Every structure is written in structure tokens, then in C-alpha cells.
Amino acid sequence: MVGTAEVHRAGKGELSGLVDADPITTEVVRHGLMSCAEQMKRTVIRTSFSPVIYETLDFAVAIYDDRMRMLAQAPTLPFFMGVLSMAVDAALESAGGADAVQPGDILLYNVPYETGSHPPDAALAMPIFSNDGQVRLGYAAIMAHWLDIGAKDPYCTDTVDVYQEGTKFPGVRLYQAGKPNEDVFKIIKANSRMPRMVVGDINAQIAALQMGARAVADLVERHGVQPFGQAVERMLDHGEMMVRDYISRIPNGRYVGQGMMDDNGVDDTPLPFEIAVEVEDTTVRLDFRNAPAAQPTPINAVLPATISCSRVALSMLAGGGEPPNEGHFRPIEVVTTPGSMFHPLPPSPCFLGWPVVQAFDVIFSALTQAMPGTAPAWSGGDILAMVWWGERERTGEAWIDGCPHPVGQGASGSADGANALMHSSESATRLTPVEVWETRNPWVVEKVELAQDSGGPGQFRGGVGLDVVIRATEDAWLTSVVERTRNGAPGVDGGGGARPNGVTLEYPDGTPRSLSKATRVHVPKGATVEVRTGGGGGHGPPAERDPEAVLDDLADGYISTSEAERCYPHALGRRD
């Protein structure tokens, strides 16, 4: 059932006016907080068990003050950054409020309607107290992908309600006063196909929280509570002023971007949607109301995810290249309709939430209408998640692995799009190295190469995608979650479109099968899976591309001779 529209503030607080805080101390504190977050990140990488965490970086860490305002984060998965505060808020409320937690407590929360993701993305939060234990300073938080937490399959495209999507932990104490709650650990292990790996990754999260809490307490003690607090206010104010200054340069008005999901994962019907960007002086409102009703499939994007994509997309454009804090989010408002695809209500399934991935490009395209050249052309528009699992032939041991895949990025009005980078929602994550894949999993990686002619032509060329071919050396299962297989990235201002995403399973007898969203697909020994990631759209007419740039593209193999003849005939006369 669709309800009445709701308006959500994306950031907490407002301009404090404490601009007389010492600017040097403020910068020292800001970098000190970022160092604390970076220490947390490095702890996770060095101690986790799963490649999806220590190689792909499918996690995020952040530090919050006692008012649940984000102070610092370490670059990993940007999308998680926008949802962690909501997860920690929900965990505290479930645990009895901020005054109910004590030093050494660690809360576990993974209910998707508050975390903004599926249950395997579990959030852990730890209160930070001063070194004497008397003052609660804030919270250290981390969200990371657990390989399996009892869903119907390790990764799902066909769930019918949230109960099929994994075991939920609504703000339970994983640690209490510094001691582990063994009953909760028993429940976790009993509901996982990979208990040893999951518990190993949980312990990495715990170590990171403890590291972060100690580092922040030491930082506050070094500067003093009052100077530290003043520096925080100035730091947040600066982030807010940067974003408001950027917004003030956009003409007031309402600008609408159009998106189109391939389908809901079960039937074959495309799902169009709109996102309106409303600019009024120094405030921007993103309106998600013109969207389909919540689907009976897990494609739905829960409210925190919708807010997160708004935060991340705007801060990427307006944040001046700085790591964002809560101040960057204050000028942003989000409007949704409860019961819609961008704001589903329990028990709607929401394991995927893929519309918010495409929403980045839709928001960018709307802003381009307001200020041409403000944002890049469309990217490949997806993360092409592939999750594999099975049992090893020799030992019978269960294994699970997965990874997103990079796409071509859209060109801007002044530069070519980047080749084969992770989508903006996961821009700091990485493709797992082939050596790790082949060591840990029953695969042979037969190809990883940039895909010639996959980027959109233009005065500035769209980035090219990637071709990956994996051959199974043992029987396995696969869940494929791939969007934008029907429509490649369009160009802007006369630029050309790019190739769409695609996946093909070829059985040992040579029979091909196209995949997009499919759960528990049997991949027999000897079969191959080819992942073709889409390119980015071009910017400006191809006839205006610098001939030398065309010749460089030919030499580098980004385009073929036939592509050059078709799109850039003006440049071929310059070839030696």
C-alpha cells in the first residue's frame, strides 16, 4: 500500500556559528579523526578472513559524535557511509537508548529497513568513552558483508518477503561490558553455511571498533573536550558551507531525470522511474515519488538506501574532493512515498535494492539539465554482482565468494570517462585479484581485459568496460545480479551511447544461456561464465574529437579501426 509523501533531512544539525574555533586545531582534529578511521579500515583488511572484505573492500567504517553526526570515514564503500548513522541510531533505540550502553558494549544490527542493505551487510557499533570512562564521546561503527547469514541462498534475486533474506539481529549486544555474548555467537554460527569465515570476519570488525574507540579517546584527551568539540563544529560547518556554495551556483528550479530498470528480477516488465532535483537557493531536494509501487521481489530499495544515494551523489559533486562529514549532508532533503520502490515497508523483500545504483546516473543527468557540464554522462550503471558457492570435490568443505565488477565511466565536458572503474556507489571497492580467486576457488580465470569499442564515442569518449571469463573446475552454483542489460549508457550533448552489460553462461557442450538476475544457477564443471561490463556514455559530437586522441585510442586498443572509421572519419587522415 502506497502512503503519503514524507520529507527526510539527510543530515543532522545546522550551521552552529562557531566559526571562531582555531582553524589549525580544527585541521589537526579533522585529520586526526580521519587517521582514526583509517586505522579501523586497516585493521579490518589485515585481520578479516574473506576476500570480499580484505580484497574487494565490501565494508565501511565511520566515527560519529554523541549526537550521531558523522565525523570521519575511511574510503571503502561509499554507499555504506550514507546508511551507517541510521543503522547505529536503530541499534541504540533497540538496545534501550544511548544511556543504556556502557564501555565495552558492541551492538549488532542488520534489519534492512534501517541498515539500507540486505541482512548479510551487518552493522556493528561501539560507544566511545573518554579514557576515564566518564564521558560518552560518540560511536565507532562498521558495516561489512558476511558471506552467509541464513538466507534461502547466499545471494538472492527471487525472495518473496524479508523473512527469506537472512537471520535478523535487531540491536542485540554482541559484546557486553567488554565480554562476548556467546549465545549470540552461537545463533550466528548456527545460521550460516560458512560459520568459521563469518566469525573470523566478525572478530575483524570487533578489533577495528576497539582500535577506533581507543584512538578517538586518545585524540580527545590530547586536545581537551571543549577544544575538540569546537573543532568538530567548525569542521561540520565548513562541510555544510562548501555544499551550499556549490548549490547556490545552480539555477533555482526543478530538473527531472529518467531511469529504467530492466525488470524486477522475476517478470520481464521494465520499470521506469523519475527523480526530480529541486534547487532552492542553497538547499537541494531529491524527489523520488514518481516511482513504481514496491515490487513483490527483492529489487526494492529501502529508505536508508534512498537517502544514502542522495547523500553520496551530491557530496561527490559538491564536496570539493574532501572526505564527507555530516555537514556535507545538511543541505539535502529527500522526498519519498512509503510503500513505493524507493521506500518499501515490511515485509517487502529488499535483498537487492538495485534502483539506487542507477539513481546516481539519474541524479547526475537531472543536474546536467540545470548546469551543462556539471556532471558526467551515464556510466555502465551497475555493479554486476556475481556470487558463487558450492562444496569442494576433495574435502566437501563449503565455499562462497563474490565480487562486483567495474564499468566504464561517463565522459565529462572536459575529459574522457575512466576505463573499468567500480560504479560510483562502490567507487573505492576493488576487483579481487585473479591470483586470489584462483587460489581460493575452483576456477580458472581465462580472460580479464578492457573491452574494445564498449565506450560511447564523443568529443570526449566514454570509458570502456571489462570482459571477464571464468571457467569452473568443479561444479558450482551462481547468483547473477546484473542490471542495464537492455539499455547501454546514453551520451550527452551529442555524444554516443555505450554497450550495455551482459552475462553468458556457456555449458560444456557449447550451449549458451544469457543471465541477468538469476538465483542458484548450476554451473557444471567445465562451463564458462563471461561477464561483459558496460561502457560509459560519450560527451559532445564525435566529429569534434581531437584527431590525436583518436589515434591514441587506436594505438591503445580502446577502439578498433572499424569504430574509428564509423565515428571519427575526420581523424583517419592524420594517421601515419
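1. Let's start at H522, which touches D475, A476, W477, L505 and Y507 once residues up to four places away in sequence are set aside. This is a predicted model, and in it H522 sits in strand 20, residues 517-523. One of those partners, W477, is 45 residues apart from H522 along the chain, yet their C-alpha atoms are separated by 4.7 Å. The relative accessible area of H522 is 35%, so this histidine counts as partly exposed.

2. A second histidine, H539, makes a useful companion. You will find H539 in the loop between strand 21 (528-532) and helix 13 (547-556). Is H539 buried or exposed? With a relative accessible area of 8%, H539 is buried. Leaving out residues up to four places away in sequence, H539 touches A411, S412, G413, G458, Q459, F460, V492, D493 and G495.

3. Next, have a look at how helix 1 (residues 23-47) packs with helix 7 (residues 195-223): the angle is about 160 degrees and the axes are 8 Å apart. Angles over 145 degrees count as roughly antiparallel, and helix 1 and helix 7 are therefore roughly antiparallel to each other. The crossing of helix 1 past helix 7 is right-handed. On the helix 1 side, the contact includes T25, V28, V29, G32, L33 and C36, and among the residues that helix 7 brings are G200, A204, A207, A208, L209 and M211. Sorted by character, the residues of this contact of helix 1 with helix 7 divide into 14 nonpolar, 8 polar and no charged.

4. Helix 7 has another packing partner to show you. Helix 6 (residues 182-190) packs with helix 7 at an angle of about 140 degrees, and here the axes are 9 Å apart. How are helix 6 and helix 7 oriented to each other? They are oblique to each other. Helix 6 also passes helix 7 in a right-handed crossing. From helix 6 come F185, I188 and K189, and they meet P195, V198, V199, I202, N203 and I206 in helix 7. The residues in this contact of helix 6 with helix 7 are 7 nonpolar, 1 polar and 1 charged.

5. Now for the cysteines. How many disulfides does a search of the whole structure find? The search finds 0. C36, one of the helix 1 residues in contact with helix 7, counts as buried at 3% relative accessibility. C567 counts as buried too, at 11% relative accessibility.

6. Some backbone details are worth a visit. The peptide bond from P346 to P347 is cis, and its omega is near 5 degrees. To place this on the structure, look for P347 in the loop between strand 12 (332-336) and helix 11 (355-370).

7. Two residues other than glycine deserve a glance for their phi values. M68 is not a glycine, although its phi is positive at about 60 degrees. M68 belongs to the loop between strand 2 (59-65) and strand 3 (70-73), and at 3% relative accessibility M68 counts as buried. For L384, phi is near 45 degrees, again a positive value in a residue other than glycine. L384 is in the loop between helix 11 and strand 13 (385-391). At 0% relative accessibility, L384 counts as buried.

8. Y54 lies in helix 2, residues 51-54. The cut-off for buried is under 20% relative accessible area, and Y54, at 18%, is therefore buried. Which residues is Y54 in contact with, leaving aside its neighbours within four places in sequence? They are I45, S48, F49, R430, V436 and R440. As for R42, that residue is 12 residues apart from Y54 in sequence and 9.2 Å apart in space, C-alpha to C-alpha.

9. Finally, please look at D237 in helix 8, residues 225-248. The relative accessible area of D237 is 1%, so this residue is buried. D237 and G13 are 224 residues apart in sequence, while from C-alpha to C-alpha they are 9.6 Å apart in space.

Methods
Residues are numbered from 1 along each chain as its sequence is written. This is a predicted model: local features need pLDDT of at least 70, side-chain atom pairs count only at pLDDT 80 or more; totals for chains, interfaces and linings use all residues. Side-chain values use heavy atoms; hydrogens and water are left out. A disulfide is a pair of cysteine sulfur atoms within 2.5 Å. Buried means under 20% relative accessible area, exposed over 50%, partly exposed in between (1.4 Å probe, protein chains only). Axes are lines fitted to C-alpha atoms, for helices over the stretch in contact, and angles run from 0 to 180 degrees between N-to-C directions. Helices (H or I, at least four residues) and strands (E, at least two) are DSSP runs, numbered from the N terminus. Angles under 35 degrees count as roughly parallel, over 145 as roughly antiparallel, 65 to 115 as roughly perpendicular and the rest as oblique. A crossing is left-handed if the near helix is turned anticlockwise from the far one by less than a right angle, and right-handed if clockwise. Contact means heavy atoms within 4.5 Å. Ala, Val, Leu, Ile, Met, Phe, Trp, Tyr, Cys and Pro count as nonpolar, Asp, Glu, Lys and Arg as charged, and the others, Gly among them, as polar.
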